[in-house]
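Q: Could you walk me through some of the labels used for this structure, and show how each one is reached?
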Amino acid sequence: MDTQERLAWIELALTPFVGAETFLRIIKYFGSAQNALSASAAEVTPFFHHQQASKYWHSKIAKQATEGALEWEQAHSDARLLLLVDNDFPAMLTNGLTPPPLLFVRGDSQCLHQPALSIVGSRHATPQAMRITRDFAAALAQKGVTIISGMASGADTAAHQGALQAMGTTVAVWGTGIDRVYPARNKNLATQIAAHGCIISEFPLATRPSPGNFPRRNRLIAALSQGTLVVEAATESGSLITARLAGEMGREVMAIPGSIDNPLSKGCHALIKQGAKLVENLEDILQECPRLLQKKDLQSYSNRPHLQTDDVSKSSTNTDSSEDSLSVHSPDCILNPMEQQVLDGLGYGIMHPDMLVTALGMAATDVYAHLVTLELGGWITTLPGGCYQRIKS
């Protein structure tokens, strides 16, 4: 593709109301982006579903967006405009969906060609779900699997953190312009992802977060992966949209069960009832997606310097070399019988100390003292309302 056709392709892709399907219909009809942009508004009107769309044909909006995109690409050494016609456009995005004609990329686009698993879950994930997410992401990343998620708060953030701490590769798919970090508190995480993986977005620069953007974002998360693992999700959530899209594309769908009392587990339970793979350990994932461990087509990402960043959670666990289980940290200290009794009494649900006092028959001062020790050792975490939850097996 010559320079002029490339510029025309970008401008057409950034024209308002020209989505992926409309773009491909126009290209097929006119034969090239240059021919399409030379056409009149009346000639392209039949391709649009929105009655007002043709009013934006040949508007300044697309030209300004194109200029801004080119300036953005030139201003950042790790930035790239990746076109559908480029030789290294990710093949996974052409299998099972209408591919976006243009991607904004920060970081190393080669990792888009690696065996990958998407991990998604609730924005309000419980501490236990956050730990589980980091554990699975780290275990998979250590085996060379790229972790894909949406960098939302909660489970998405934990998935990226786990991959990064394991010195692996992770991809964040954004539902905003690639120049707008959302949520803003993940700015440092975004920097780390771009340095040790990549960030992609199909939206024009400066696109704000909008509810309609995230289902579009979710289809790319599902398409880039050989399977989707849902860690924690309510019955109506974006995670279930991602899982549904993954199933429709022929990808594997997996879910981690949780407590029947936890409303954020009901989405996972619904998926399992519908046939999703119930996942308890790493081996469950590898059995469902055996191609994840196939030889990589491109360079290995295993030899990375250890990350030193406050943005990556230090509570993420390492994994051993076996494929059938997730390992946990060696305890910071050996629990005495009373501490072990309190930990066992807490179980894996959410419990107030007063309930533990009643259940165990201990003095309240002893229970609270043991809870402090367990929290300092990383076994449990505090929750709103003075409750506690176990986060380490």
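A: Happily! Let's start with a definition: contact means heavy atoms within 4.5 Å, and angles run from 0 to 180 degrees between N-to-C directions. Please keep in mind that this is a predicted model. With that in hand, helix α15 (residues 364-376) lies across β11 and β12, and runs at about 110 degrees to β11.

Q: What makes β10 and β11 edge strands?
A: Each of them, β10 (350-351) and β11 (380-383), pairs on one side only. The sheet is an open one of 3 strands in the order β10-β12-β11, with antiparallel pairing.

Q: How do you know that β11 and β12 pair?
A: Two strands pair if there are at least two bridges between them. Here 4 bridges join β11 to β12 (residues 387-390), so the cut-off is met. Thr 381 has Gln 389 of β12 as its bridge partner, and Ile 380 stands opposite Arg 390 in β12. The two strands form a hairpin with 3 residues between them, and in the turn Gly 385 has a positive phi of about 85 degrees.

Q: Why is α9 called oblique to α10?
A: The axes of α9 (residues 213-223) and α10 (residues 238-248) come within 8 Å and cross at roughly 50 degrees. Angles under 35 degrees count as roughly parallel and 65 to 115 as roughly perpendicular. The crossing angle fits neither range, so α9 is oblique to α10. The crossing is right-handed.

Q: Which residues make the contact between α9 and α10?
A: From α9 come Pro 215, Asn 218, Arg 219, Ile 221 and Ala 222, and from α10 come Gly 238, Ile 241, Thr 242, Leu 245 and Ala 246. By class, that contact has 6 nonpolar, 3 polar and 1 charged residues.

Q: Why is Phe 17 called partly exposed?
A: Buried means under 20% relative accessible area and exposed over 50%, with partly exposed in between. Phe 17 has 40%, so it is partly exposed. Phe 17 sits in the loop between α1 (3-13) and α2 (20-30), and its phi is positive, about 75 degrees, although it is not a glycine.

Q: What makes Ala 206 count as partly exposed?
A: The relative accessibility of Ala 206 is 43%, which falls between the two cut-offs and therefore counts as partly exposed. Ala 206 is in the loop between β6 (197-201) and α9, and has a positive phi near 75 degrees.

Definitions and conventions
Residues are numbered from 1 along each chain as its sequence is written. This is a predicted model: local features need pLDDT of at least 70, side-chain atom pairs count only at pLDDT 80 or more; totals for chains, interfaces and linings use all residues. Side-chain values use heavy atoms; hydrogens and water are left out. Angles under 35 degrees count as roughly parallel, over 145 as roughly antiparallel, 65 to 115 as roughly perpendicular and the rest as oblique. A crossing is left-handed if the near helix is turned anticlockwise from the far one by less than a right angle, and right-handed if clockwise. Ala, Val, Leu, Ile, Met, Phe, Trp, Tyr, Cys and Pro count as nonpolar, Asp, Glu, Lys and Arg as charged, and the others, Gly among them, as polar. Buried means under 20% relative accessible area, exposed over 50%, partly exposed in between (1.4 Å probe, protein chains only).
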